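Dear colleague,

Please find below the structure that I am passing on to you. My notes on what was found in it follow directly after.

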Amino acid sequence: MGEGSVLTRRRRARAAAAAPAEGAPRPALLLGSVAVIATCGLLYELIAGTLASYLLGDSVTQFSTVIGVYLFSMGVGSWLSRYLGGALLRWFIRLEILVGLVGGASAPLLFGLFAHVGSFRVLLYGLVGLLGTLVGLEIPLLLRILQGRLAFKELVARVFTFDYVGSLLAAVIFPLVLVPRLGLVRTALLFGALNVVVAGVSLLSFEETRPYRRRYLALIALSLLALGTGVGLAERIQRYAEGEVFQDTVIYAQSTPYQRLVLTGNHRGELRLFLNGNLQFSSADEYRYHEALVHPAMQDRPRASRILVLGGGDGLAVRELLKYPQVQHIQLVDLDPAMTKLFRSNQLLRELNHNSLHSPKLTITNADAYAWLRQDTARYDVVLVDFPDPGNYSIGKLYSTAFYQTLRQRLRPGGLVVVQATSPYVARRAYWCVVHTLAASGFSPVPYHAYVPSFGEWGYVLAQAQPGTWRPDGGPLPAGLRFATPQTISEMRRFPPDMAEVPTDINQLNNQALVRYFEEEWGPYGQ
Amino acid sequence: MSLPRRQFLTQASAGLAGTLLAGLVGSVPGCAPARSAVRGQLRGAGHALGHRLRDLKSLPAATRTEEIDLLIIGGGISGLSARRALHELAPARQALLLELEPGVGGNAASGHNARTAYPWGAHYLPLPDERDAELLAFLQQAGVLTGYDPATGLPHYDETMLCHDPAERLLLHGHWQAGLVPEVGVPAPDRAEIARFLALIERLRRATGPDGRDLFRLPLDLSSTDAATRPLDAETMAAWLARHDYHSEYLRWYLDYSYRDDFGVPAAQISAWAGLHYFAARKGRAHNAPPDAVLTWPQGNHFLAEALRHQGGAGEIRPNTLVFSLKETTDGRVEALAFDNATQQTTRLRARQVVLATPWHVSRHLLPAAPALAPLHAPWLVANLTVDAYPGGTGQPLSWDNVRYDSPALGYIDAEHQALRGFETEGPYSLTFYWALPTDPADPIAARRHALASTYEQWLTLVLTELDLMHPGLAAQVTAAELWVWGHGMVAPTPGYVWGPARALARQPHLGGRVHVAHTDLSGVSVFEEAFHQGRRAARAALGSPAS
């Protein structure tokens, strides 16, 4: 993550010190604090930069802007230090508590609010600016406290020595120890606590703090308690964060009554969504998956006005559907309200789905697709079936002849269904089982597949309610597609020998043949 | 609150009921399981009202009289089937059905909780014999059978009503294996013996007697009169097994389990004919399911009971009504005295023809000079548990039917197994336990009295102990337990019952040929198909008899 480039920081503390005052006790203690607060200060900056590149991608831009804002804010803080007067030690103690709380809360706040705020960048730069300002106050204040206790040349030499030593320490332990061992959230909380401890040590070491010592001790204890509680919650926020489950950093995780939603990011700006640990999409290549899901069916449907999408609460299939002006109404049925809410509200995800979940043509229903379909009375021109893979007996019911027969009754004459059907390369029998099950349910299936780098070879089945109603070159494709062309669509229907049709059972509720194939074939891949 | 085991046993041994329960709990190791507060209550079929038959003087005299064309007494499957047949064969005639309970369905009762319906009794129908045109017609009308395959001619069933996969699992040697026939970790000689038995059944399934009829068929009265097979009714199944060198504990457990599940008693208490008929009479086939498939619904066979009721026309059904007297009148009617438990009044019903579809312990009170038929009914416990945690374990996941090897109970059904939804629920789970209580054939009344005297708390401890043996720690996750005790469960085909003289005699029309009996007690095998045909036979007799 380019830590080297980050270390260009630091021309702190423009606030020059005045002449040394009379000797006073414990300059060594204050100089030790310099090392600690320097370490903390650099760490907050590193955490914010890393987080920004995870959440927003494009690490060079994110680090550059985060560092710029941070350093500038430190300048603001340094300038503001001139307005602090009176009991400087008391100001310093206050400042350390404040830096500890804001710095400690920075990472949990950014992670926790990522999914819930309209504009994440405002939150990010606001927090970085606040933290920079506070950190910028620290060294000028310390110089002024120490100014009477050391000779000026000694003072400047020592303060900046400890400052830079602390920075080096931070720069080395951050990538080597803290990120791999603790993760970003706990690192922030831990170093926030260190700032608060500096406040506590200063409080106890100087006689002049006696009048307000008790009050501040209570404040410090409360702050440490808050940060400690944060560590406990961090476990939940980032249960899998730096574990072995996900390669990338977990930027959002939620356990809903239906599934566990995990969104990860990396420094390439690639977002990935996992449901119960299974990859649903990567922002790097999801366009391939969704163009292949939508366009082969839609290119031949100039009059397809009513569309049903089952699953697909990420709005990415809807995004592709909205490229067709003939589409008047899209009914989306996704089990999990947390899923559709996330993709309706989060700025980055809205950028990804082109705000499709806010389209006036769209109706979102959060319900179990099977239960919903059994009571639905409307009819559709095209139905996109984008369920999770048939990895358990419950989901297996959504791939059964019983389900497909129910679905067929919801089609207008000449209607089409497209079903995502796992990988014909990895799970060849599972894939062809879906094809054969659709055929046994009265559909006339057209199998096809596409290469999606994150998934590998991926299989779909286009199922016609009446045979011969679909043509591969039926009409023009929308402008701006990156994968689907008339040529790629025609290639999609060719299956090389290693994915060619194999005989299979039909998947029924009373045999769950598909789940068995799927388990056997995906089992070796540790799915 | 949990009862400490010692205290429980002390209390339990104080009463007769306790002796029975202590014996059951005592058969399992360990202590009563830890548990939290459990909601629920103990119910049972209306034996209090039914038992007033024993004390007729307590019932009031008739205050009014009604003229009835066709009267059906009893709203179980037999009575409902008779009502449907009467409506089908003589739609112009009026039929009145009287039922003791608040609702019809008999053993095919069901309950429901916040999540799902669940059965209180009979809960599945094996694929019917494809030659059973009347039953298939009913199922087609009910939407269960959706058509016939043009190529094979085999029936096609509504897939949602076929038992979904995974259907059955057995906890054996600490592992949940697929299917109920013991396999995993079973020694080779035992497996060979099981295979030998199953091969014999396969032969018997196809075998016919000299009269050209199947040796074993449902309804059982269509079975061959073959002189070589009928004598099997005289010996016990256990004796027959010993005689044919079947000694494998695993096989014997599997057979005992099967018989207890259908008849309430093990191989030692049923006839060999019935024991073989149990397996060999199952020859249903379907176009879209294997022969061993079953049809089932969240509410169990209450689905079928409702379909029968629905197809039975608009004739009145009068619940909460006890018939306590039947008499032939001089003007060619049958006079029934019916006590309405709601109004506490008695009505004199004068009917042309009567279908008496009550269990024999009721019928014999109503029929003068009733033949000496003595059906054995084991008491049953059915418990619906609401459990907050997933009943997992190593091996096959939660299935429709979940059974523990060597358990005194019969296992549990996942009531939501047939739910049509695509997500895996996180609970709570709704599990229906079945338990046929051990019954001494020499003194069946003792077992029933014990069963009816036991308290909710005692039953609950029993069920939770069993649950904990299947899933250690799960008893603590039970939040509700609804219990139902059947004083009279299903009839057991004890030796001599099916082909003995008493059953033949009891099936004859009574009271001048105007009362036609219909009940599985008159078959000896309490399954839906028998009840369905009992009802039809009685209905045909009622319509075809000269007096009508």
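In this predicted model, strand E1 (249-255) and strand E2 (residues 260-265) of chain A pair in the antiparallel sense, and six bridges join them. The two strands form a hairpin, with four residues between E1(A) and E2(A). Two positions show how they are set against each other: Thr249(A) stands opposite Gly265(A) in E2(A), and Tyr252(A) stands opposite Leu263(A) in E2(A). E1(A) is mostly covered, as five of its seven residues are buried.

This hairpin belongs to an open sheet of four strands in chain A, which runs in the order E1-E2-E3-E4 with antiparallel pairing. Strand E1 (249-255) and strand E4 (278-282) of chain A stand at the edges; each has a single partner strand, so one side of each is left without a neighbour in the sheet. From one strand to the next, the twist averages 20°. As general background, strands of a sheet pair through backbone hydrogen bonds, in either a parallel or an antiparallel manner.

Where does the sheet sit within the chain? The domain assignment of chain A gives domain 1 (3-236), domain 2 (239-282) and domain 3 (285-525), and the residue ranges of E1(A) and E4(A) fall in domain 2 of chain A. The centres of domain 2 and domain 3 of chain A, taken over C-alpha atoms, are separated by 23 Å. Contact between these two domains involves 13 residues of domain 2 of chain A and 15 residues of domain 3 of chain A. On the side of domain 2 of chain A that touches domain 3 of chain A, the elements giving two or more residues are strand E3 (271-275) and E4 of chain A. E4(A) provides the largest share of that side, with five residues. By class, the residues of that side divide into seven nonpolar, six polar and no charged.

Turning to chain A as a whole, the chain has 18 helices and eleven strands. Its C-alpha atoms fill a box of roughly 95 × 45 × 40 Å, taken along the principal axes. Buried residues make up 50% of the 527 residues in chain A. Of the contacts in chain A with a separation of 6 or more, 77% are accounted for by residues 24 or more positions apart.

The next topic is the contact between the chains. Here 23 residues of chain A are in contact with 17 residues of chain B. Helix H13 (369-375), helix H14 (393-396) and helix H15 (401-408) of chain A each supply at least two residues of the side of chain A that touches chain B. The largest share of that side, four residues, comes from H13(A). The side of chain A that touches chain B consists of twelve nonpolar, eight polar and three charged residues.

H15(A) also has a buried part, which comprises Thr401(A), Ala402(A), Phe403(A), Tyr404(A) and Leu407(A). The cover over the buried residues of H15(A) includes H13, strand E8 (380-386), strand E9 (411-420) and helix H16 (428-440) of chain A.

Which residues touch the most other members of the largest nonpolar core? They are Val434(A) and Ala336(B), in a core of 314 residues. Helix H2 (residues 27-56) of chain A gives the largest share of this core, with 16 residues. Leaving aside residues up to four places away in sequence, Val434(A) touches Tyr399(A), Val419(A), Ala421(A), Val461(A) and Leu514(A). More generally, nonpolar side chains tend to be buried together in soluble globular proteins.

Finally, chain B. Its domain assignment gives domain 1 (5-32 + 379-488), domain 2 (49-110 + 301-375 + 495-544) and domain 3 (124-296). The centres of domain 2 and domain 3 of chain B, taken over C-alpha atoms, are separated by 30 Å. Their contact takes 19 residues from domain 2 of chain B and 18 residues from domain 3 of chain B. Helix H10 (302-310) and helix H15 (528-544) of chain B each supply at least two residues of the side of domain 2 of chain B that touches domain 3 of chain B. H15(B) gives the largest share of that side, six residues. By class, that side has ten nonpolar, six polar and three charged residues.

With kind regards

Definitions and conventions:
Residues numbered from 1 in each chain as written. Chains lettered and ligands numbered in written order. Predicted model: local features only at pLDDT ≥ 70, side-chain atom pairs only at ≥ 80, totals over all residues. Core = buried A, V, L, I, M, F, W, Y, C linked by C-beta atoms within 7 Å. Buried ≥ 20, exposed ≤ 12 C-beta atoms within 10 Å, placed from the backbone. Contact = placed C-beta atoms within 7 Å. Domains from an automatic or database assignment. Nonpolar A, V, L, I, M, F, W, Y, C, P; charged D, E, K, R; others polar. Pairing = 2+ DSSP bridges. Axes fitted to C-alpha atoms, helices over the stretch in contact; angles between N-to-C directions.
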